[in-house]
2 protein chains.
Amino acid sequence: MPDQRELATAAALALPRFVGSTALFHAAVAERMAVTPTELHCLHLLHGGVSDSPTELARLLGISTGAFTRLLDRMERHRLAERAPDPADRRRLVLRPLPDRMVELAELYAPMARFVGERLARLDRRQLTALVGFLTDGTAAAEQASGNLPDVTQAITS
Amino acid sequence: MPDQRELATAAALALPRFVGSTALFHAAVAERMAVTPTELHCLHLLHGGVSDSPTELARLLGISTGAFTRLLDRMERHRLAERAPDPADRRRLVLRPLPDRMVELAELYAPMARFVGERLARLDRRQLTALVGFLTDGTAAAEQASGNLPDVTQAITS
DNA sequence: GGCAGTCACTGCGCAAGGCAGTGACTGCGT
DNA sequence: ACGCAGTCACTGCCTTGCGCAGTGACTGCC
């Protein structure tokens with residue numbers, strides 16, 4: 001019977017592996033759809049309503065706006081998304097996800113979606129709250145940490 | 001006050017964002033160390049004792065063995081790891097992580113490590129158990145699903 | 001003792017992405 | 001009103017990580 005401390009250590013070790021294997025799964029799905037992982041990632045952001053702005057999406061994907069233009073070219077060619085003019089600002093674009101290949105996508109994600117669904121259904125309120133809190137705060141922490149990495153040339157700020 | 005169902009939905013939505021932002025954070029750390037994200041990922045697997053075999057690591061990283069050879073070249077050049085002959089099988093190699101840049105790495109990870117540590121310390125046993133279970137089972141599910149994706153050409157298996 | 005299988009490795013080609021520059025457009029300042 | 005700095009998506013050019021297919025070295029099974 002593991003104590004609190006051992007559990008925390010186990011969680012800290014399991015976390016990076018989970019992220020790694022999940023990323024690999026995404027890559028496998030992308031390959032099956034004859035699409036790059038970045039395209040798939042962008043499609044998720046688009047479909048999730050996170051943003052529809054090229055510049056913002058490029059930032060979230062961690063690529064330059066130049067690279068994002070080609071990414072969009074590919075996504076249109078693969079019928080994943082489409083460009084639309086922004087009536088409020090003629091410099092900008094508004095991106096829209098296309099439903100074309102969503103069925104295919106949902107099918108590929110089905111096993112994982114089922115796993116997540118079943119696993120979450122087994123948790124009680126307190127456990128779910130903890131999980132959601134950890135994930136959302138972790139997302140914010142990761143985003144903030146990405147843009148504000150400590151200076152490795154300095155000594156450790158004990 | 002969200003009910004069980006809303007919490008599960010929130011978790012399902014928060015999960016991919018967490019994975020995405022974490023991957024982006026890793027990429028930022030890698031860039032700071034003048035190293036590719038794949039090198040960093042490999043170093044983690046190596047340092048975590050997951051495996052020290054080139055073929056196995058290539059599989060875990062999702063790249064070919066040929067690409068892994070160049071990856072190793074870079075990692076040796078960057079003083080992240082080194083090759084060593086396997087005395088039991090002269091075809092094989094045994095890889096060893098080098099401690100050289102570990103301090104730098106730990107420093108870059110410090111903010112996230114601190115966040116994770118603090119967040120986990122706030123959870124009770126039941127919550128931690130749920131989190132660890134979700135992560136470990138999720139890792140296994142993702143690995144299995146990667147190698148066994150459903151066939152999208154077939155009709156939906158209602 | 002031969003032989004299929006596996007190991008790390010290599011030449012070649014591809015394509016995703018960075019960088020720097022471009023034209024179109026915006027809104028602020030005077 | 002008008003210029004001007006800033007921002008938008010976009011475009012050549014280049015680098016580079018990776019896949020593919022083939023190679024020599026080595027293993028263990030008949």
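# Exercises on two protein chains and two DNA strands

H26(A), A27(A), V29(A) and A30(A) of α1(A) touch P37(A), E39(A) and L40(A) of α2(A); contact here requires C-beta atoms, placed from the backbone, within 7 Å. Helices (H or I, at least four residues) and strands (E, at least two) are DSSP runs, numbered from the N terminus.

This is a predicted model, in which local features need pLDDT of at least 70, side-chain atom pairs count only at pLDDT 80 or more, and totals for chains, interfaces and linings use all residues. Residues are numbered from 1 along each chain as its sequence is written, while chains are lettered from A and ligands numbered from 1 in the order in which they are written.

## Exercise 1

Work out how α1(A) and α2(A) are oriented, and classify their contact.

Step 1. The axes of α1 (residues 4–32) and α2 of chain A come within 8 Å and cross at roughly 100°. Such axes are lines fitted to C-alpha atoms, for helices over the stretch in contact, with angles from 0 to 180 degrees between N-to-C directions.

Step 2. The two helices are therefore roughly perpendicular to each other. Angles under 35 degrees count as roughly parallel, over 145 as roughly antiparallel, 65 to 115 as roughly perpendicular and the rest as oblique.

Step 3. The contact of α1(A) with α2(A) holds 5 nonpolar, 1 polar and 1 charged residues. Nonpolar means Ala, Val, Leu, Ile, Met, Phe, Trp, Tyr, Cys and Pro; charged means Asp, Glu, Lys and Arg; the others, Gly among them, are polar.

## Exercise 2

Now do likewise for α2(A) and α4(A).

Step 1. Helix α2 (residues 37–47) of chain A packs against α4(A) at about 85°, with the axes 10 Å apart.

Step 2. That angle makes α2(A) roughly perpendicular to α4(A).

Step 3. T38(A), E39(A) and C42(A) come from α2(A), and L71(A), R74(A) and M75(A) from α4(A). By class, this contact has 3 nonpolar, 1 polar and 2 charged residues.

## Exercise 3

Find the span of α6(A), its buried residues and what covers them.

Step 1. Helix α6 (residues 125–147) of chain A has 23 residues and runs 33 Å from first C-alpha to last, close to the expected 33 Å. The expected span is 1.5 Å times one less than the number of residues.

Step 2. Its buried residues include L128(A), L131(A), F134(A) and L135(A). Buried means 20 or more other C-beta atoms within 10 Å of the residue's own, exposed 12 or fewer, and partly exposed in between, with C-beta atoms placed from the backbone.

Step 3. The cover includes α5 (102–121) of chain A, together with α1 (4–32), α5 (102–121) and α6 (125–147) of chain B.

## Exercise 4

Which elements of chain B give two or more residues to the side that touches chain A?

Step 1. The contact takes 61 residues from chain B and 61 residues from chain A.

Step 2. The contributing elements are α1, α2 (37–47), α5 and α6 of chain B. Of these, α1(B) gives the most, with 23 residues.

Step 3. The classes on this side are 39 nonpolar, 13 polar and 9 charged residues.

## Exercise 5

Which helix gives the largest share of the surface near DNA strand C, and which gives the most near DNA strand D?

Step 1. There are 23 residues around strand C, G66(A) and P54(B) being among the closest. Near means a C-beta atom, placed from the backbone, within 6 Å of the strand.

Step 2. The largest share near strand C, 5 residues, belongs to α4(A).

Step 3. For strand D, α4(B) gives the most, with 5 residues. The surface near strand D divides into 6 nonpolar, 9 polar and 8 charged residues.

Technical notes:
Two residues are in contact if their C-beta atoms, placed from the backbone, lie within 7 Å.
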